[in-house]
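Reader: I'm new to reading protein models and would like to work through one with you. Can we take it a question at a time?

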Amino acid sequence: MYVPQPSRSDAAGRDAGDQPRVYQVWRGSNEFFLRGRFIFGPDVRSIFLTIFLIVAPVVAFCVFVARHLIDDFPGDWGISVMVVVVVFTVYDLTLLLLTSGRDPGIIPRNTHPPEPEGFDGSNDSGVQTPQQLRLPRTKDVIVNGISVRIKYCDTCMLYRPPRCSHCSICNNCVERFDHHCPWVGQCIGLRNYRFFYMFVFSTTLLCLYVFAFCWVYIIKIRNAESLSVWKAMLKTPASIVLIIYCFLCVWFVGGLSVFHCYLMSTNQTTYENFRYRYDRRVNPYNRGVLNNFLEIFCSRIPPSKNNFRARVTVEQGLQQTRVASRGFMSPNMGKPVGDLEMGRKPVPWDEPRTAADIRDLEAGLGGFLDEKEGRLTHASPDLSRDDLPADLMEGRAGTHSRRSSWVNRTGTSESVDSMNAQIIAAWEAIQSDPVH
């Protein structure tokens, strides 16, 4: 049965508590916790592996090494070895949560494509041609006096700002996109890059701390029992395992710390370094080594552009179910689109969104039309196709023709408007028919 959409007055009178929250209807691939207070990537489970790889060796260090060093140092220096490693581990895990549990800089999606620049509603002939309605694939903007090319995102229906890219894992456009880190289960972008580097660097320091005091414990055993280093190492196999483990980890997190230190000094992102190679051309974002570091660590982190706990208004919900306004087409509309950054199989542009609108329209208006057809068929034995007005029969035939092939092709806003017009015309003809 067709249920008409609520009017503005009905929507205004509806209780705001009945509307879902933004995180409940989020179109990205993110996972939310504590009712939208924390946002993670779809691979959030990997964070538990990261926590285990940090906590397990620290626990082994406290049990098999730090506990024996408490009495080997004068005063309270012995207990400080264990206190420092515990506090530093808590600090490291806090940075991990700040990196993976916050909005990395997601740009909200548009509900319809933007209007082309200079659009005035009509041209000299009063008709917009397909070339005029099609949005350009790229645009040039000026950044610090240097021309930078930005691209149009078909998924988010917006022109990505400079340094923004679409993450194929989280399915979001992220400002100052660096990379998607599987170890933290989150994109690394404008709002969490600082915490990401602090997490990687503090993990490096934690590995060096455990590595160093394992050797201190071995030296203590060698001096106390007058043994060689090899025999002293055999006295504490846990220290050997921790030394090997920390040595391997330092190569990974330490190398990552050095690499990102280089990126920060030149004001690059990992994505830009691997894709654009600024050593072959001018980097428009490089402000000097000192200013680049100040920008990362001392600048104010911008607030999130998304309020995940806000209620979705009725107007926003209706906008999300409408087809693109004004008929402006994506650069790839009508063409198979395969976004290299998304890694998706080429599909017709806007097919999922339009197909959903078509299914809603077919289920609602189609049932409405069938109900009215049933009334026409059974209202009177003398009511037949010959007795119906010619314009009504043409409208019904056109409508059935559309509905039969509706699911097999992608619709546009013109198709929807045409179908609505035919249904309205059929209904008006039924109401005005004296037999009815």
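Reader: Which helix holds both Tyr 209 and Phe 213?
Author: This is a predicted model, so let's go by what its atoms show. Tyr 209 and Phe 213 sit four residues apart, about one turn of the helix. The helix they share runs over residues 193-225, and that's α5.

Reader: Are Tyr 209 and Phe 213 buried or exposed?
Author: To count as buried, a residue needs under 20% relative accessible area. Tyr 209 and Phe 213 are both buried.

Reader: How many aromatic pairs are there in the whole structure?
Author: A search through the whole structure turns them up, and the count is 17.

Reader: Why is the pair of Phe 88 and Tyr 91 called tilted?
Author: Planes under 30 degrees apart would be stacked, and over 60 would be edge-to-face. Here the ring centres are 5.9 Å apart and the planes are at 55°, so the pair is tilted. In helix α3 (residues 77-100) these two are three residues apart, about one helical turn. Phe 88 is partly exposed at 24% relative accessible area, and Tyr 91 is partly exposed too, at 36%.

Reader: And how are the planes of Tyr 209 and Phe 213 arranged?
Author: Their rings are 4.8 Å apart, centre to centre. The angle between the planes is 45°, and the pair is tilted.

Reader: Which charged residue has its end over the ring of Phe 73?
Author: The charged end in question is 4.9 Å from the centre of the Phe 73 ring. It belongs to Lys 220.

Reader: What span should helix α2 have, going by its residues?
Author: Helix α2 covers residues 46-69, which makes 24 residues. The expected span is 1.5 Å times one less than that number. The end C-alpha atoms agree with the expected value, which is 34 Å.

Reader: Where does α2 bend?
Author: The bend is about 45°. Look for it at Cys 62.

Reader: Which helix gives the most to the largest nonpolar core?
Author: That core has 43 residues, and Phe 61, Val 85 and Cys 214 are among those with the most contacts inside it. Helices α2, α3, α5, α6 (229-235) and α7 each supply at least two residues. With 15 residues, the one giving the most is α5.

Reader: What does Cys 214 touch, leaving aside its neighbours within four places in sequence?
Author: Contact here means heavy atoms within 4.5 Å. Phe 61 is buried in α2, and so is Val 65. Cys 214 is in contact with both, and the full list is Phe 61, Val 65, Ser 239, Leu 242 and Ile 243.

Methods:
Residues are numbered from 1 along each chain as its sequence is written. This is a predicted model: local features need pLDDT of at least 70, side-chain atom pairs count only at pLDDT 80 or more; totals for chains, interfaces and linings use all residues. Side-chain values use heavy atoms; hydrogens and water are left out. Rings of Phe, Tyr and Trp (its six-membered ring) pair if their centres lie within 6.5 Å; planes under 30 degrees apart count as stacked, over 60 as edge-to-face and the rest as tilted. Buried means under 20% relative accessible area, exposed over 50%, partly exposed in between (1.4 Å probe, protein chains only). A charge sits over a ring if NZ of Lys or CZ of Arg is within 6 Å of the ring centre and within 35 degrees of the ring normal. The bend at a residue is the angle between axes fitted to the seven residues ending there and the seven starting there. A nonpolar core is a set of buried Ala, Val, Leu, Ile, Met, Phe, Trp, Tyr and Cys residues joined through side-chain atoms within 4.5 Å.
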